[in-house]
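Please find below my notes on the model, set out as numbered points. They deal with the metal site, the ligand shell, one loop residue and one helix.

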Amino acid sequence: MGTRITVEVSSEDQQAGQQAIAAVMAEMRRIDRAMSPYRPDSELARLNQHAADRPIPVSQELFALLQRALSYSRLTNGAFDITFASAGFLYDYRQHKKPDKAALYKAVSRISYHNVVLDPATHSVHFLKPGVKIDLGGIGKGHAVDQAIRLLRKRAIENALVTAGGDTRVIGTRWGRPWQIGIRDPRHRNKMVAMIPLQDVAVSTSGDYERYFEENGVRFHHIIDPKTGDSARTLQSVTIIGPDATTTDALSTSVFVMGPADGLRLINRLEDIDAIIVDSQGVMHYSDGLEPASK
Ligand code: AMP
Ligand code: MG
């Protein structure tokens, strides 16, 4: 997944704890092998190679995650859209590479989640246009974290934290106290803007500081507005708190694209979901569920 994984478990039985951590790491590698767009033999890469030519059957797991991704596209009016990759693959943030206008224009015409058709009867995936590409970078780490937590629970681990990049889920406590998560200051690597205590929830942060380069004072980063194929620039970071990491992962990316007003309106409408937003001026905004505590 090209990202840092943290697993912390507390268990009376040291060996059981170590084995549980090893099992989580193996699970993370398994998911990466299936869903990485960079491995030519992954299930996801096969879709990008062939699904525009014909429907391609996929595993139950990938099919279900694609269904979930499309449901977030509908919920967010297309702000969350895995076909962003049709333009996204033209960027290379490490090499400071971005598409020219003509290439971007062509790529944007291929972005639309409506171009991804899922057939539940055959578990197959079909892209309606040539040139459509998908990438699960906005939801896959959350899914991996949820899978890890499921696996830990099956092993009777009751207290744990699992993080993949910006996506975390905790169960139980850390030696009797709530787990704590820091929200980074988007413009100061070693500073925090908030610490939040957590119990049995997931938290995801999306930020414009994770993968980016700057050109003439403009920041090109990895969260793409599907309408333009360009980076979304109304926010610096979005943190979502919710019941599971697949949800918080998808929604943090979504709200980043939607911006402060539409984003908070969506979050305030959803049960059990909260948001902490740092806008482009560095000003913090909270969803209704957090407002009293933050004052
Ligand atoms: P996150 O850190 O969870 O916000 O994920 C960022 C990743 O989501 C990017 O690296 C892309 O792989 C993917 N992504 C970027 N823009 C979008 C979008 N509009 N909808 C869905 N996924 C996206
Ligand atoms: Mg996300």
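1. Contact here means heavy atoms within 4.5 Å. On that basis, and leaving aside neighbours within four places in sequence, Asp244 is in contact with Arg68, Asp146, Arg169 and Ala202. The model is a predicted one.

2. Where does Asp244 sit? Asp244 belongs to the loop between strand E12 (235-242) and H7. With a relative accessible area of 16%, Asp244 falls under the 20% limit and therefore counts as buried.

3. Two polar partners of the Asp244 side chain can be listed. One is the side chain of Arg68, with a polar contact at 3.0 Å. The other is the backbone nitrogen of Thr247, which lies 2.9 Å from a polar atom of the Asp244 side chain.

4. Which protein atoms are donors to the magnesium ion (ligand 2)? They are Asp249 (O), Asp249 (OD) and Thr253 (OG1), at 2.0 to 2.3 Å from the ion. Asp249 thus appears with both O and OD, and Thr253 with OG1. Water is not among the atoms, so the site may look incomplete.

5. Why can Asp249 and Thr253 be described as about one helical turn apart? Both are in helix H7 (residues 245-258), and they are 4 residues apart. An α-helix has 3.6 residues a turn, so residues three or four places apart point the same way.

6. Are the two donor residues buried or exposed? Asp249 is buried, at 3% relative accessibility. Thr253 is also buried, with a relative accessible area of 16%.

7. Ligand 1 is surrounded by 17 residues, and the closest are Asp81, Ser206, Ile224, Asp249 and Thr253. Asp249 and Thr253 are also donors of the magnesium ion. The largest share of the shell, 3 residues, comes from H7. By type, the shell divides into 7 nonpolar, 5 polar and 5 charged residues.

8. Several N or O atoms of the protein can be paired with oxygen atoms of ligand 1. For Gly138 the atom is a backbone one, at 3.1 Å. For Arg211 it is in the side chain, at 3.3 Å, and for Asp135 it is also in the side chain, at 3.5 Å. The protein covers 96% of the 500 Å² of accessible area that ligand 1 has on its own.

9. A separate remark concerns helix H2 (residues 43-50), where Glu43, Leu44, Ala45, Leu47 and Asn48 are buried. The buried residues of H2 pack against helices H1 (14-35) and H3 (60-75), and against strands E2 (56-57) and E4 (124-127).

Note on methods
Residues are numbered from 1 along each chain as its sequence is written. Chains are lettered from A and ligands numbered from 1 in the order in which they are written. This is a predicted model: local features need pLDDT of at least 70, side-chain atom pairs count only at pLDDT 80 or more; totals for chains, interfaces and linings use all residues. Side-chain values use heavy atoms; hydrogens and water are left out. Donors are N, O and S atoms within 2.8 Å of the metal (3.2 Å for Na, K and Ca); water is not among the atoms, so sites may look incomplete. Helices (H or I, at least four residues) and strands (E, at least two) are DSSP runs, numbered from the N terminus. Buried means under 20% relative accessible area, exposed over 50%, partly exposed in between (1.4 Å probe, protein chains only). A residue is near a molecule or strand if one of its heavy atoms lies within 4 Å of it. A polar contact is a pair of N or O atoms within 3.5 Å; within protein, one must be able to donate a hydrogen and the other to accept it, and residues adjacent in sequence count only if both atoms are side-chain atoms. Accessible areas come from the Shrake-Rupley method with a 1.4 Å probe; for residues, only the protein chains shown count as cover. Ala, Val, Leu, Ile, Met, Phe, Trp, Tyr, Cys and Pro count as nonpolar, Asp, Glu, Lys and Arg as charged, and the others, Gly among them, as polar.
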